[in-house]
Structure formats: structure tokens, C-alpha cells
Amino acid sequence: MNRFTWLFAIVYFAFVVNIGVTQAAMPKPMENTYIHDFANVLSTPVKDELNHYSEQLDNGTGAEIMVVTLDSLNGQDAKMFATKIIREWGIGDKEKNNGVLILATFGQGEGNNDVVISVGQGLEGALPDGKLGRILDSAFYPYASTGEIGKAFQTTYAEVFQTVAQEYNWDGDKPEQQEADESMPTWVFILLIIIVLIVITFSSNGGGGGPRSRGRRGYPGSFGGGFGSGGSRGGGFGGFGGGSSAGGGASRKF
Amino acid sequence: MKKLLGPVGIIIIILVGLALLFIPKYNSLVTAEENVDSKWAQVENQLQRRYDLIPNLVESVKGYANHEQEVIASITQARAQMGSANTPEEQALANDALNGALSRLLVVVENYPNLKADANFRQLMDELAGTENRLAVAREDYNNEVQGFNKIVKRFPGNLIAGMFGFEQKEYFKAAAGAEQAPSVDFSESGKQ
């Protein structure tokens, strides 16, 4: 009897400890956001911007793009880790398995940090491994290697977003796709925007139609309410649709 | 007559009881076996995909590093081994051999910056590494299903049914120790080029 109790206790303990270890390694998702900046490397405007786009895309297509930053993977394989997050959190639609996870670490030392883009089966056709590798090379690495973390995520995110939106023929609000080579200086771009704004302002004055169109690229949710982003929040977080992944993706060290 | 009905009735009740016990078990065995088979198909898909990617990889390596015959030969050989493998165990072994050969290739590639920066080569290595990850996922799913299936086969009354209808325990797809970590593609330096 006593021996059995001991045995039971040992087995039970081993089981509990085992569970404890896996849980410690796997971060828990936060509610109401697609951007999980556990490593604290992203500024609030960047997080809000990316979260806004993910929310629009999720509401429009059911595809979910999530961003996760971590200090360290504690030696685990980056792609496998990302695949497990997609599966455990259920990123993407349950039927379509169309989740994307952009994950990077920042506490493993320069040259040893992992960055990985992992996709569910539903998007493997639009985002094959080779393409994801190219996106990491052209959009993530150039900025991350010079410390522009926010920019690295913005450009990488924009590339992924465009591809997913294209896959679903979704023409909602899209993030700017920044060219890696700066073919157009920023001031030219700003000047163009100002000119466009002036033209819009003048042309709408005549008609008297649209009330104070401020040239902001429309948040679909805010047009009726006039409350700005507060209105689109109402649409709510549709995250964690129960999507899975077969392990597609690409990774780099940086 | 009534005396005879007693024993016969009992036997019928026992038979019905056994049938009620066995039929669901039998069905669950069939379902479990189908699950195992479908997961195995996933594993084979990924193995096949690796198999198909290798010739392209070898070609692009030859373009830049033709005199690295030893590595090229070991990759080709591992691929041939994959092609002739039949059982999960053989396939696991062949796959490990391929992983070993690819790791050696990654070491060699360090000496060929042009190859390392080649878009085609990078894409192929991404596809291969991604396939390796998919394989790891498929392998885990398969092994989980095998575990469930084998549990039924070993336990009562599943073991009786399995014996009667010829269900045998399934083989795990085991990776060699150390093969858990896929050969990772590290392009950090060449990313600048």
C-alpha cells in the first residue's frame, strides 16, 4: 500500500513537473490583441498600427496575422516553436487554417536571435517557405540588423499582409509597403500627400458633399460613427479562431 | 424444453453481451487504424517532398561548388536510400542520413559566398528546412496516433479483437538522437550582400 502511494506520488509529480515545464516555455496569449510584444521592443504606435490592420483583415477574411516577440526560446527550434504557438493558440480560422505568425526573439544575443514566419496550411500556397525566406531577407534583416526593430516588423508585416490580402482578393485598408531601396525621398512623399490633400479639399468644397474628409485613409468602422478608432474597436477581436498549422514557414538568425 | 431454454438463453445473453462489448471496440480499432494511416500519409508526403527537392539542390550546388564531390555524393546517396526505404524504421534512418548530409553541406556552403547568396539556392534551402519542420510535425502527429492505436491493441478487450482480426501494433517513426533539431539555415551574414 505504502509502496503504491509512493509510486503514485512519483508518477504524479513527474507528470505535474513535466506539464509545468511545457507551460513555462509556451507563452499565454493576451486577450484583445494580435500583437504580443513580450520582449518589449515595439512602440505603442507600431503595435496599434499592426493590430489595427490585423483586426481589419480578420474581420474581412478570417485570416489572422499575429506578431510575437520574446526574449528567448531557451534553445528550442524556432520553426517548431512557432508552429506550436499557431496550434495551441489556434491562430487562423478553424476550417481554413489561415493563420500567420511572425515571431522574433531579442534576448539571445546578436547573431543568435531567431526570427520566423510560420503559416497554417491554408496559406502555404500564397506564402511558400521560399517566399517567406525572401521576405525575411529583404524586409526584416536590413532593418533589424541596424536596430530599427519597429521598421523591421512594419515592413515584414506589410509584405505578409499584402500577400494574404491578395490571396483573398480583399481590398480593405492596407499598410504602406515600404520599398527597401529608397527610390522616393520622404519629403517628396510628404509634398505629394499635401498636394493631394489640397486638391481634395478644394474639390470637395464645391460639391459640399463629404463632411470634413481629412484625407485619412478610411477606417471602415469609423466612417459612420465619427468616433474614430473607438468605433472599430466595437467590431471586436475575432482572434484565436482555432486554426492549425502543418509546420510551414521560414526562419533566420539575426 | 424449458430446461433447455435456460442454458441456451444464458449463452445468447452472454453472446449478445460480448458482441455489445466487442463491436464498439472493433469500430474504434478501425477508426484508430485509419487515423494512423492518414497521419502516415502526411509523413510520406513530406518525405516525398524532400526527395523531390534534392535534385534541384544538388544542381545549384554543383553550379558553384562542383569539386565538393564528397558532400554531393553523400546527399545523392541518402536520397537513393530514401527511395528504397519501405518501413517507417527504414524511412526514418534514410531521413537521418539525409539530414546528416545536408548538415555537412551547410558547413561546406560557408566557403562559397556566391552560392550562399544565390537566390535559387536560398529558396531551396528554405523549402528543405520548412519541409523538415513539416516532417517533424507530421511525425509527432503520426506517433501520437500510433500511441492511441497501440493502447487499444494491447489492452483488454482490444487485444482479443486485434488477435482475431489481425490488427498488429504499429511502428513509431523514430528520429535518431540529435536528429530532432533540423539543420537550420543561417544566412545572417550573407543577408547584407
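**Figure 1. A:Ala104 pairs with A:Val115 in S4(A).** We start where two strands of this predicted model run side by side. The bridge between A:Ala104 and A:Val115 belongs to an antiparallel pairing of S3(A) with strand S4, residues 114–119 of chain A, over five bridges. A:Ala104 sits on one face of S3(A), together with A:Val100 and A:Ile102, and all of these are buried. On the other face you'll find A:Gly99, A:Leu101, A:Leu103 and A:Thr105, buried as well. Put together, seven of the seven residues in S3(A) are buried, and the strand is mostly covered.

**Figure 2. S2(A) and S3(A) pair in the parallel sense.** Now for the other neighbour of S3(A). S3(A) covers residues 99–105, and seven bridges link this strand to S2(A). Two of the pairs are easy to pick out: A:Glu64 stands opposite A:Gly99, and A:Val67 has A:Ile102 as its bridge partner. Helix H3 of chain A, residues 78–89, joins in here too: S2(A), this helix and S3(A) make a right-handed β-α-β unit.

**Figure 3. Strand S2 of chain A is covered on both faces.** In a regular strand, side chains alternate between the two faces of the sheet. Here, A:Glu64, A:Met66, A:Val68 and A:Leu70 are on one side, with A:Ile65, A:Val67 and A:Thr69 on the other. Is each of these sides buried or exposed? Both sides are covered, and all of these residues are buried. The strand spans residues 64–70, so to put it as a tally, seven of its seven residues are buried under the 20% cut-off for relative accessible area.

**Figure 4. A:His36 sits in strand S1 of chain A.** Strand S1 is made of residues 35–37, and its pairing with S2(A) is parallel, over three bridges. Next along the chain from A:His36 is A:Asp37, whose bridge partner in S2(A) is A:Thr69. A:His36 has a relative accessibility of 0%, so this residue counts as buried. What does A:His36 touch, leaving out residues up to four places away in sequence? From S2(A), there are A:Met66, A:Val67, A:Val68 and A:Thr69 among the contacts. A:Pro29, A:Met30, A:Trp89 and A:Phe240 complete the list.

**Figure 5. Two asparagines of chain A have positive phi values.** Look at A:Asn74 to begin with, in the loop between S2 and H3 of chain A. Its phi is near 55 degrees, a positive value in a residue other than glycine. A:Asn74 has 64% relative accessibility and therefore counts as exposed. The second example is A:Asn169, in the loop between helix H5 (149–167) and helix H6 (186–207) of chain A. Phi of A:Asn169 is near 50 degrees, again positive in a residue that isn't glycine. A:Asn169 is exposed too, with a relative accessible area of 70%.

**Figure 6. H3(B) and H5(B) cross in chain B.** Over to the other chain for a pair of helices. H3(B) takes in residues 88–109 and H5(B) residues 119–154; their axes come within 13 Å and cross at roughly 150 degrees. H3(B) and H5(B) are therefore roughly antiparallel to each other, and their crossing is left-handed. On the H3(B) side, the residues that meet the other helix are B:Pro88, B:Asn95, B:Asn99, B:Leu102, B:Leu106 and B:Val109. On the H5(B) side they are B:Phe121, B:Met125, B:Leu128, B:Glu132, B:Leu135 and B:Tyr142.

**Figure 7. B:Phe149 lies in helix H5 of chain B.** How buried is B:Phe149? Its relative accessible area is 0%, so B:Phe149 counts as buried. Setting aside neighbours within four places in sequence, B:Phe149 is in contact with B:Leu29, B:Ala32, B:Glu33 and B:Val36, as well as B:Phe167, B:Glu168, B:Gln169 and B:Lys170. As for B:Asn45, this residue is 104 residues from B:Phe149 in sequence, and their C-alpha atoms are 21 Å apart in space.

**Figure 8. Chain A has eight helices and five strands.** To finish, here's the setting for the chain A close-ups. From the N terminus on, the elements run α-β-α-β-α-β-β-α-α-α-α-α-β. Chain A has 254 residues, and 43% of them count as buried. Among contacts in chain A with a separation of 6 or more, 72% are between residues 24 or more positions apart.

Terms used: Residues numbered from 1 in each chain as written. Chains lettered and ligands numbered in written order. Predicted model: local features only at pLDDT ≥ 70, side-chain atom pairs only at ≥ 80, totals over all residues. Heavy atoms only, no water. Buried < 20%, exposed > 50% of the residue type's maximum accessible area, 1.4 Å probe, protein only. Helix = DSSP H or I, 4+ residues; strand = E, 2+ residues; numbered from the N terminus. Pairing = 2+ DSSP bridges. Right-handed = clockwise from strand over helix to strand, strands pointing away. Axes fitted to C-alpha atoms, helices over the stretch in contact; angles between N-to-C directions. Parallel < 35°, antiparallel > 145°, perpendicular 65-115°, else oblique. Left-handed = near helix turned anticlockwise from the far one by under 90°. Contact = heavy atoms within 4.5 Å.
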